[in-house]
Amino acid sequence: MKKNTAYTIGSLIILLICAFVFVILPVFTGGAGANGNDAPVFGKYNGKEIRYEQGSDFVDFVQQYAQMFQRYGQQIDSSTNYYIFSYAFDSTVLKYAYSDFVNKSGYKVSQAEINRNMIPYFTDENGKYSDKLYKQASDSDKLKIKSQIESGLISQRYFDDNFGSQDATFGGQSLYGLKESNAELDFLNAYNAKKRGFHMAVFPLKDYPEEEKLKYAKQNAAKFNSYDLSVITVEDKATANKVAKRIANGEITFADAITEYSEKSFTNTEGKITNKLQYQIENILVNKEDLAKITDLEKDAVSEVIETSTGFSLFKADGSVTEPDFTNAETLSNVSSYITNYESTMIEDYFTAKAKDFTSQVLNSDFDTACAKLSVNNIEVAPFPLNFGSVSIASSVDTSLMGLSGADQNENFLKTAFSLKMNELSSPIVMNDNIVVLQLASEETASSEETPVLSELENFDSDTSRQAVMNSSKLENNFATVYFKNFLSQ
């Protein structure tokens, strides 16, 4: 089985917990709280402060990530600094958490293991241990190295025991870490093995013809009538009835009642209705049959109290109704907006019929010929496995293709695609803002060597562990607030 060398951010953070660095250039040459008692505290884990001060685990991780970014050619600037500090904070939290877990077990790092890990720090130009270099180092430096190694080995113990060790293997398998059965691995490998490729015809709903929109508009012209109305809206019916009575008795004008009572729902500050078209007025009514009580008003007449979506309203006709002019660009835009938002099934039905006509053409010729003849979008879909949700252990459908946005989570699409026989055409499928027709074009089966999943499972394990720690009630996380307060200007 091939080894996948790609790492997730989570696993990379955990791997760096076990890295040992002694002499590293700092990220900032001077900066907020790098030294001293005023060093900023980014949070706490189980009561232990995560402080940005010289010699802390947090600073060590910041330096390590800065070096890693530089090795990969990343420019160290205000943007990358944020990520460096963020990863360093997470790594510090994980190190504290993992150390707590291991220390509770009673595990102690042996002096012999510490000594073995100190050797690389005191090697000569030939890569051999140098007793001279060891003796030349100050006691404080050696003590710091020893402390770093010991704390790193404690964290590494947790990592190795749970996620495996690259250094401790037997027969190509890690001696430590969570294990997967061969049956499980075979199942997951098979998950990515069988793939299907398709020809796909796409009918975008946005291409609904203007003449069809105009035809609908003329048949339903009243929906686009424009009304000149003022509206008073209050929260409760009793108040609305009181206002209506005062207006009817001449105690107050409609305009003054707007100022005194109205909550200005559906209107501008003067009480004039903002969405004037008949279908828009209908949409604010709780009882649609009340529409005629508004549209039948004579000029200057006031309606009875009508329940609307935000309360109870009185409508006053300030002018006559204006019928739609379907040669006007704004009117046509309103028609298009209405049909798109409220009559989408009509558009779907139109293109479903087009898709069925296309299917008939394919049966009488072939897929490419039918697409060319009917000017249909012809998309080639590369082979992909049945992978709901694009799980990372397998490849997935290319959702960037026209018509396939969200296809990896569309049960109907996947079920249809993987139920077709070779060269069989699907029924029209609604895919967001498109209608698509599939034809099964190819099937392939990959060998188990081409579908590695073990490393992905290891990444799942480490990332899950990271998420559990970072969401722990033991963590007090003030990272963003403290970073922006102390480092954003640098």
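What follows is a short dialogue on reading one predicted model.

Colleague: Where do I start? How many helices and strands are in the protein chain?

Modeller: Start with the inventory. This model is predicted, not experimental. The protein chain has 18 helices and 12 strands. Of its 490 residues, 43% count as buried. The chain exposes about 26400 Å². Carbon and sulfur atoms supply 48% of that area.

Colleague: What share of the contacts joins residues at least 24 apart?

Modeller: Take the contacts between residues at least 6 apart in sequence. Of these, 66% join residues at least 24 apart.

Colleague: Now the sheet with S6, S7 and S8. In what order do the strands lie?

Modeller: Read across the sheet, not along the chain. The order is S6-S8-S7. The sheet is open, and the pairing is antiparallel.

Colleague: Which strands stand at the edges?

Modeller: Strand S6 (229–234) and strand S7 (306–308) do. Each has a single partner strand, so one side of each lacks a neighbour in the sheet. There is also a turn between neighbouring strands: on average 40°, direction ignored.

Colleague: How many bridges join S7 and S8?

Modeller: Three, in the antiparallel sense. Strand S8 covers residues 311–317. For one bridge, look at Thr308: its partner in S8 is Gly311.

Colleague: Which strands does helix H9 lie across?

Modeller: H9, residues 237–248, lies across S6 and S8. H9 runs at about 25° to S8. Helix H10, residues 254–261, packs on the sheet too. H10 touches S6 and S8, and its direction makes about 35° with that of S6.

Colleague: Now helix pairs. What describes two packed helices?

Modeller: Two values: the angle between their axes and the distance between the axes. Try helix H8 (residues 210–219) and helix H13 (residues 329–342). Their angle is about 90°, and their axes are 10 Å apart. Angles of 65 to 115 degrees count as roughly perpendicular, so H8 and H13 are roughly perpendicular to each other.

Colleague: Which residues meet there?

Modeller: On H8, find Lys213, Leu214, Tyr216 and Ala217. They meet Leu332, Val335, Ser336, Tyr338 and Ile339 in H13.

Colleague: At what angle do H4 and H6 pack?

Modeller: At about 115°, with their axes 10 Å apart. H4 is therefore roughly perpendicular to H6. H6 spans residues 139–163. H4 passes H6 in a right-handed crossing. From H4, the contact uses Gln111, Glu113, Ile114, Asn117 and Met118. From H6 come Lys142, Ile145, Lys146, Ile149, Glu150 and Leu153.

Colleague: Where does Asn115 lie?

Modeller: In helix H4, residues 111–118. Asn115 has a relative accessible area of 40%, so this residue is partly exposed. Now find Lys146. Asn115 and Lys146 are 31 residues apart along the chain. Their C-alpha atoms are separated by 8.3 Å.

Colleague: One more pair. How do the axes of H3 and H18 cross?

Modeller: They cross at roughly 140° and come within 11 Å. H3 covers residues 78–104, and H18 covers residues 479–486. The two helices are therefore oblique to each other. Their crossing is right-handed.

Colleague: Which residues make the contact between H3 and H18?

Modeller: H3 brings Ser78, Asn81, Tyr82, Phe85, Ser86 and Phe89. H18 brings Phe479, Tyr483 and Phe484.

How values were computed
Residues are numbered from 1 along each chain as its sequence is written. This is a predicted model: local features need pLDDT of at least 70, side-chain atom pairs count only at pLDDT 80 or more; totals for chains, interfaces and linings use all residues. Side-chain values use heavy atoms; hydrogens and water are left out. Helices (H or I, at least four residues) and strands (E, at least two) are DSSP runs, numbered from the N terminus. Buried means under 20% relative accessible area, exposed over 50%, partly exposed in between (1.4 Å probe, protein chains only). Contact means heavy atoms within 4.5 Å. Accessible areas come from the Shrake-Rupley method with a 1.4 Å probe; for residues, only the protein chains shown count as cover. Two strands pair if DSSP finds at least two bridges between them. Axes are lines fitted to C-alpha atoms, for helices over the stretch in contact, and angles run from 0 to 180 degrees between N-to-C directions. Angles under 35 degrees count as roughly parallel, over 145 as roughly antiparallel, 65 to 115 as roughly perpendicular and the rest as oblique. A crossing is left-handed if the near helix is turned anticlockwise from the far one by less than a right angle, and right-handed if clockwise.
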